[in-house]
Amino acid sequence: MTQETVAPTSDAVLDREETISRDELEALQLSRLQHTVAYAYDRVPLYKRKFDDAGVHPTDLRELSDLGKFPFTTKEDLRLEYPFGMFAVPQHEVARIHASSGTTGRATVVGYTKKDLADWAKLVARSLRASGVRPGMKVHNAYGYGLFTGGMGAHAGAEALGCTVIPISGGQTERQITLIQDFKPDAILATPTYLLTIADAMMKQGIDPASTSLKYAVLGAEPWTEEMRHELEVTMNIKACDIYGLSEVMGPGVAGEAVETQDGSHIWEDHFRPEIIDAFDPSVVLGDGEHGELVFTSLTKEALPIIRYRTKDLTRLLPGTARPAHRRMGRITGRSDDMIILRGVNLFPSQIEEIALRIPELSPHFQLELTRPEGQRMDQLTVKIERRESVTVEGVASAAKVLQQQIKIHVGSSCTVDVVEPGSLERSNGKLRRIYDLRPKA
């Protein structure tokens, strides 16, 4: 089936802040930033302590570059202030609470006032509209509901845009397929790996994923590559765009990708001030175009203002295109805390995905296993990856050799490649686990 041409977003009514000049936007940022820094200092004891310890005061922020004088906020800060120590408003003004799963430690808790929720819905609506979704469309929301911000954040944004929302949540893949066929949604919201799971399950049922009513996919909550975008667009005959967010900063909708350019998510800088820092020397703030760790400061949040939050996401800032005043994020190459250091070489799962999807015999389904064989000092990486259904035994051997060579050339480290049968690896029900560290614990 041939991919239809998608009309540009000129048929959509944009927010005024999407169309202002860069100078106007930076003036707005400075005003909001000065208010937020003073607000956080006056209302959140943690920030008063951190600012005082660093020898800075809100009055020191006279221009945007002065933000670099202020200390960072980390996930550990939120954990230490569990549950409500980061809130800047009384409990009765908190309209909703979300939290992380807490699987790797104490949960991080975030709160929203009614105004925060309205702003969040507006920014998700802005992101969805940029990605091609329009009022009146039916939107199949396969993000998880509950304490995770994805489901309810995306839901509120789609409603604010004027869409009909189908709140299926994550999992129950067979039911997802039934509802897509019966309800005929125009757009789907999910993680990229879960949309891939849905497409695979459709094919196993004898359903052509390109034959559904879906025209747009707005995908986020995990890093994904241009190769994955191509795989999903061709398989499902859709336009797939990125949406970015994290609960500590707001949730989904911090940034969104425009369907007519598909060149990275524009950060909604009327509500967030981004920085890129050197991940190995955080005191160094990098310029636009330089690759490092993404840092956010909120500009309008009431319940939980966040100052220089270290996201651990690795990317770069680029000039705006579809929304010229708002800078874009480059593709997230990984997270600094997901980085594998293998024999002195830094490696991210997204690098393997990018390479593997250029090899026609190999599918997007893979896992990375780290082991240290008994008696050896060196770690071993095994890439387990499924072959495509049509591949012969000879094709499997050839593809494995090519992948092994390409990883050595482009990543700089040796590995073992194990091409396995289609359907044998774990499928995503939301966020997919890629790395399995099987090395002996110290």
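# Helix 9, salt bridges and two buried residues

User: E369 has its place in strand 19 of this predicted model. Is E369 buried or exposed?

Analyst: The relative accessible area of E369 is 16%. A residue counts as buried when that value is under 20%. With 16%, E369 is therefore buried.

User: Which side chain does E369 join in a polar contact of 3.3 Å?

Analyst: Leaving aside neighbours within four places in sequence, E369 is in contact with Q380, L381, T382, K384, Y436 and L438. The polar contact of 3.3 Å runs between side chains, and the partner of E369 in it is K384.

User: Why is helix 9 described as largely enclosed by the rest of the structure?

Analyst: Helix 9 covers residues 226–236. Its buried residues are E227, M228, R229, E231, L232, E233, T235 and M236. Helix 9 is largely enclosed because the number of its 11 residues that are buried is eight.

User: Which elements are included in what covers the buried residues of helix 9?

Analyst: Two helices are on the list, helix 8 (192–204) and helix 10 (349–356). The strands included are strand 6 (216–219), strand 7 (239–246), strand 8 (251–257) and strand 19 (362–371).

User: Which residue just after helix 9 takes a positive phi?

Analyst: Helix 9 consists of residues 226–236. The positive phi, about 55°, comes just after this helix and belongs to N237.

User: How far apart in sequence are E226 and R331, whose side chains meet in a salt bridge?

Analyst: The N to O distance in this salt bridge between E226 and R331 is 3.3 Å. E226 is in helix 9, while R331 is in the loop between strand 15 (328–329) and strand 16 (334–335), so distant parts of the chain are linked across 105 residues.

User: Are E226 and R331 buried or partly exposed?

Analyst: E226 has a relative accessible area of 39%, and R331 has 24%. Partly exposed is the range between the 20% and 50% cut-offs. E226 falls in it, and R331 is likewise partly exposed.

User: What distance separates the closest N and O atoms of R126 and E18?

Analyst: R126 has a relative accessible area of 0% and E18 has 2%, so R126 is buried and E18 is buried too. The two form a salt bridge, and their closest N and O atoms are separated by 3.8 Å.

User: Which residues are linked with R126 and E18 in a network of salt bridges?

Analyst: The structure holds 34 salt bridges. In the network that includes R126 and E18, the other members are D15, R129, E260, D270 and R323.

User: How many residues apart in sequence are the parts tied together by R328 and D263?

Analyst: The side chains of R328 and D263 meet in a salt bridge of 3.7 Å, N to O. R328 lies in strand 15 and D263 in the loop between strand 8 and strand 9 (265–267), so the parts tied together are apart by 65 residues.

User: Which of R328 and D263 is buried, and which is partly exposed?

Analyst: The relative accessible area is 11% for R328 and 24% for D263. The cut-off for buried is under 20%. R328 is therefore buried, and the partly exposed residue is D263.

User: What is the relative accessibility of T149?

Analyst: T149 has its place in helix 6 (residues 149–161). Beyond its neighbours within four places in sequence, T149 is in contact with H98, Y112, W120, A154, S247, M250, G251 and P252. T149 counts as buried, because its relative accessibility is 5%.

Key:
Residues are numbered from 1 along each chain as its sequence is written. This is a predicted model: local features need pLDDT of at least 70, side-chain atom pairs count only at pLDDT 80 or more; totals for chains, interfaces and linings use all residues. Side-chain values use heavy atoms; hydrogens and water are left out. Buried means under 20% relative accessible area, exposed over 50%, partly exposed in between (1.4 Å probe, protein chains only). Helices (H or I, at least four residues) and strands (E, at least two) are DSSP runs, numbered from the N terminus. Contact means heavy atoms within 4.5 Å. A salt bridge is a side-chain nitrogen of Lys or Arg within 4 Å of a carboxyl oxygen of Asp or Glu. A polar contact is a pair of N or O atoms within 3.5 Å; within protein, one must be able to donate a hydrogen and the other to accept it, and residues adjacent in sequence count only if both atoms are side-chain atoms.
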